[in-house]
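Q: Hey, can you walk me through this one?
A: Sure, have a look and then ask away.

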Amino acid sequence: PAPGPRITPAPGRRQIIDQRVSYAIAGTGLGFVLKAGDTMNGILQVAVSSTATPLVVADPVNMLLGFFGASPASQAAPVAPLTTSVGVASNTILDVGTTFSQSAINNNFTSLSAKVDALIATLQRHGLMGS
């Protein structure tokens, strides 16, 4: 469809209000608020004003989202958490050394599993991965 008429404020006016969107000029940007029942049918892009680099790109029709200049993509599929039955998690991966140490290997696997699970939980909490 053809774009609608361009709406610009009259000289001296600080905002324009119609039945769909409320515009307000603040600083160097132009903001808007969708009203109840409004929909977005095209791609929404939020860019850094000084460089025009996309910070967030959203495609509401196809349910795609991209951050920091990445192309919009769909939500990642859920991933089952890792489970370990032995070892102690820490923030250090141990050097197993030249002699075999089952305890060090178990602790390394447990530590890595805990970090992967934390990443999965963060992605799910922010909606970037299904749960």
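**The nonpolar patch**

Q: Which residues make the nonpolar surface patch?
A: Leu44, Val46, Val48, Leu55, Leu65, Phe67, Phe68, Leu123 and Leu128 make a nonpolar surface patch of about 720 Å². Patch residues have over 30% relative accessible area and no salt bridge (a side-chain nitrogen of Lys or Arg within 4 Å of a carboxyl oxygen of Asp or Glu), and nonpolar side chains (Val, Leu, Ile, Met, Phe, Trp, Tyr) are joined within 5 Å. Areas come from the Shrake-Rupley method with a 1.4 Å probe, and for residues only the protein chains shown count as cover.

Q: Is this predicted, and what's the fine print?
A: This is a predicted model, where local features need pLDDT of at least 70, side-chain atom pairs count only at pLDDT 80 or more, and totals for chains, interfaces and linings use all residues. Residues are numbered from 1 along each chain as its sequence is written, and side-chain values use heavy atoms, with hydrogens and water left out.

Q: Which strands supply at least two residues each of the patch?
A: E4 and E6 each do. Strands (E, at least two residues) and helices (H or I, at least four) are DSSP runs, numbered from the N terminus.

Q: Where does Leu65 lie?
A: Leu65 lies in strand E6. Leu65 counts as partly exposed because its relative accessibility is 37%, and the cut-offs are under 20% for buried, over 50% for exposed and partly exposed in between (1.4 Å probe, protein chains only).

Q: How many bridges join E5 to E6?
A: Four, between E5 (residues 54-59) and E6 (residues 64-67), which run antiparallel. Two strands pair if DSSP finds at least two bridges between them. Val57 sits opposite Gly66, and Val56 opposite Phe67.

Q: What about the turn of that hairpin?
A: Four residues lie between E5 and E6, and Met63 in the turn has a positive phi of about 55 degrees.

Q: New topic: why does the span of helix H1 agree with its number of residues?
A: H1 (residues 102-125) has 24 residues, so at 1.5 Å a residue it should span 34 Å, and its end C-alpha atoms are 34 Å apart. The expected span is 1.5 Å times one less than the number of residues.

Conventions:
Patches are made of residues with over 30% relative accessible area and no salt bridge: like charges are joined within 9 Å, nonpolar side chains (Val, Leu, Ile, Met, Phe, Trp, Tyr) within 5 Å.
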